[in-house]
Amino acid sequence: SYRGPSGEVGCYVAPRPLTRDSNYFEVSIVDSGVRGTIAVGLVPHCHSLEHPPGWGPGSVAYHADDGKLYSGRAKGRQFGSKCSSGDRIGCGVERGSFGAPPAQVFFTKNGQRVGGLGVPLSPPGLFPAVGLHSLGEEVRLHLPPPGPPEDEVGAMLVDSLEEEWGRLHDVQLCGSVLEYVGKGKSIVDVGLAQARRPLSPRSHYFELEILDPGEKCYIALGVARK
């Protein structure tokens, strides 16, 4: 439900992108609130939470208050009918387009297909998103279930490949394990591993597990400018 100050957008982005096996989600409008300014769609990993889905680059959304489709800008085009309390808006990606971008995104209203369009698909994918913008708006999310643990482990291993790291100095990468390979004779013999991508509103946290503290456990974890 919307709880923000008047005039500010409330935006929810799911923790996982749609996949070939989990390619569709729905939102039930419990209460359309004062204006019914509810947006349902997909956003890229870097979407700003200050804007509703559909306004930011690479995002797309069906807006309930005017029935328009917004794709990457704040001006929509006529798409479907308006939605209000009791309606369900669905959004998905055609399974066949996961391996052949652009992603073919489609929308439904109360189980009936409304239409679709092609949207650029870049790693790590398109995330379900909902925007709320007036008092009293309340929705119920029906997200696809998460994939099996094996899929998550596979994703972690992909993310740990060397090309995902912006800087590696005196550090050896083996799968998801970082190991110091420097001389370690003085304070300047420091090993450094810096990720290529910065933290973001969606990926704002990371952890490190110490497998072996080594001789002196000179291990530091934090954030730094590029």
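## Working around strand β7

Strand β7 and strand β8 (residues 103-109) run antiparallel and are joined by five bridges. Keep in mind that this is a predicted model. Here are a few exercises to try on it.

**Exercise 1.** Work out which residues stand opposite I89 in β2 and in β8.

*Solution.* Start with the β2 side. Strand β2 (residues 24-32) runs antiparallel to β7, and five bridges join the two. Across from I89 in β7 you'll find V27. Now turn to β8: there the bridge partner of I89 is K109. As for how covered β7 (residues 88-93) is, five of its six residues are buried.

**Exercise 2.** Find the structure's two salt bridges and say where their residues sit.

*Solution.* First, go to R88, whose side chain meets that of E26 in a salt bridge, 3.2 Å from N to O. This one links distant parts of the chain, with R88 in strand β7 and E26 in strand β2, 62 residues apart. Next, check accessibility: R88 comes out at 30%, so it counts as partly exposed. E26 has a relative accessible area of 15% and is therefore buried, since the cut-off for buried is under 20%.

Then take the other pair, R113 and E94, whose side chains meet at 2.8 Å, N to O. R113 belongs to strand β9 (residues 112-119) and E94 to the loop between β7 and β8, so this pair ties together parts 19 residues apart in sequence. R113 is exposed, at 53%, while E94 is partly exposed, at 31%.

**Exercise 3.** Four aromatic pairs turn up in a search of the whole structure; classify the geometry of Y24 with F106.

*Solution.* The ring centres of Y24 and F106 are 5.9 Å apart and the planes meet at 5°, so call the pair stacked; the cut-off for that is under 30 degrees. Y24 is in strand β2 and F106 in strand β8, 82 residues apart, so to speak a long-range link between distant parts of the chain. With 27% relative accessibility, Y24 is partly exposed, whereas F106, at 10%, is buried.

**Exercise 4.** Do the same for Y62 with F107, then place the pair in its cluster.

*Solution.* Here the centres are 6.1 Å apart with 85° between the planes, making Y62 and F107 an edge-to-face pair. Y62 sits in strand β4 (residues 60-63) and F107 in strand β8, 45 residues apart. Y62 is buried, at 0% relative accessibility, and F107 is buried at 0% too. Finally, add F79: Y62, F79 and F107 form one aromatic cluster.

Key:
Residues are numbered from 1 along each chain as its sequence is written. This is a predicted model: local features need pLDDT of at least 70, side-chain atom pairs count only at pLDDT 80 or more; totals for chains, interfaces and linings use all residues. Side-chain values use heavy atoms; hydrogens and water are left out. Buried means under 20% relative accessible area, exposed over 50%, partly exposed in between (1.4 Å probe, protein chains only). Helices (H or I, at least four residues) and strands (E, at least two) are DSSP runs, numbered from the N terminus. Two strands pair if DSSP finds at least two bridges between them. A salt bridge is a side-chain nitrogen of Lys or Arg within 4 Å of a carboxyl oxygen of Asp or Glu. Rings of Phe, Tyr and Trp (its six-membered ring) pair if their centres lie within 6.5 Å; planes under 30 degrees apart count as stacked, over 60 as edge-to-face and the rest as tilted.
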